[in-house]
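Q: I am new to this structure and would like a close look at one part of it. Please begin with a single residue and work outwards from there.

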Amino acid sequence: METYILICKDINWHFKVEKSSTFLTTSFWTVFSKMHTQLSHLKKYSIPHYIIVSYFKNIINSDFRNFNLIYTDASKNIHGTGCAFCSDTIKRLFKLPKDASIFTAEITAIKEAISYAESMSISKTLIISDSLSALTSLSSTNPSNEIAQQITNITANSNNTIEFM
């Protein structure tokens with residue numbers, strides 16, 4: 001890199017080097033995302049919807065009474081791809097490139113929700129997602145997806161409590 005910089009200076013070519021990291025900046029063995037997957041064992045096609053909703057409400061009321069709940073979701077169809085997050089106080093929608101995968105949309109919704117919670121200095125946040133694949137990627141000690149790595153970096157360096165369901 002030093003040789004390249006010298007050559008560029010010799011030909012009077014100016015450039016700016018920006019520090020950027022798409023990799024984990026936190027040691028992976030120190031990162032523990034708190035995942036709550038109690039609902040994942042329920043078979044949604046064989047258990048009535050109202051029972052699942054009741055179970056969900058009981059978990060929220062017993063374990064997350066003092067948490068700010070942020071719900072995330074994503075969608076993909078022939079017209080495009082998008083994602084969103086919402087809470088009691090805000091709703092944000094994001095249009096993504098048409099060729100973005102549903103996984104990318106789901107993980108982007110989670111990242112945007114976390115970024116919002118951090119910007120508002122919310123002390124306790126529960127991110128609620130219906131994407132088991134996105135939550136599974138976040139529970140990895142060394143995620144391969146760039147957005148999952150960014151989320152891991154944000155949560156590892158946060159002074160706030162961020163948990164997932």
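Is Ser62 buried or exposed, and what is its relative accessible area?

A: Ser62 is exposed, at a relative accessible area of 52%. Exposed stands for over 50% relative accessible area, buried for under 20%, and partly exposed for what lies in between, with a 1.4 Å probe and protein chains only. The model is predicted, so local features need pLDDT of at least 70 and side-chain atom pairs count only at pLDDT 80 or more, while totals for chains, interfaces and linings use all residues. Residues are numbered from 1 along each chain as its sequence is written, and side-chain values use heavy atoms, without hydrogens and water.

Ser62 belongs to helix 2, which covers residues 49-63. Helices (H or I, at least four residues) and strands (E, at least two) are DSSP runs numbered from the N terminus. A polar atom of the Ser62 side chain lies 2.9 Å from the backbone oxygen of Asn58. The side chain of Ser62 also has a polar contact of 3.2 Å with the side chain of Asp63. Such a contact is a pair of N or O atoms within 3.5 Å; within protein, one must be able to donate a hydrogen and the other to accept it, and residues adjacent in sequence count only if both atoms are side-chain atoms.

Helix 2 also takes part in the largest pocket, whose volume is about 680 Å³. There are 22 residues in the lining of this pocket, and Leu39, Ser40, Ile52, Ser129 and Asp130 are the closest to its centre. Helix 2 gives the largest share of the lining, with four residues. At least two lining residues come from each of helix 2, strand 2 (68-77), strand 5 (124-129) and helix 4 (132-139).

Ser129 and Asp130 appear again around Glu106, which touches them as well as Asp73, Ala74, Ser131 and Ala134, leaving aside residues up to four places away in sequence. Contact here means heavy atoms within 4.5 Å. Glu106 sits in helix 3 (residues 102-119) and counts as buried because its relative accessibility is 7%.

Next come the aromatic rings, with four aromatic pairs in the structure. One of them joins Phe64 and Phe67 edge-to-face, at 5.2 Å centre to centre and 85° between the planes. Rings of Phe, Tyr and Trp (its six-membered ring) pair if their centres lie within 6.5 Å; planes under 30 degrees apart count as stacked, over 60 as edge-to-face and the rest as tilted. Phe64 has a relative accessible area of 3% and is therefore buried; Phe67, at 16%, is buried too. Phe85 and Tyr116 form a tilted pair, because their planes meet at 35° with the ring centres 5.5 Å apart. Phe85 is in strand 3 (residues 80-86) and Tyr116 in helix 3, so this pair ties together parts that are 31 residues apart in sequence. Both Phe85 and Tyr116 are buried. Phe94 joins these two in a cluster linked by ring pairs.

For the wider setting, the protein chain has five helices and six strands, in the order α-β-α-β-β-β-α-β-α-α-β from the N terminus on. Of its 165 residues, 36% are buried. Among contacts with a separation of 6 or more, 65% are between residues 24 or more positions apart.

Note on methods. On a 1 Å grid over the protein atoms alone, a cavity is a set of points where a 1.4 Å probe fits but cannot get out, and a pocket is an open set with protein on both sides within 12 Å along at least five of seven lines; lining residues have an atom within 4 Å of a point. Grid points are joined across faces, edges and corners, and a volume is the space filled by probe spheres set on the points.
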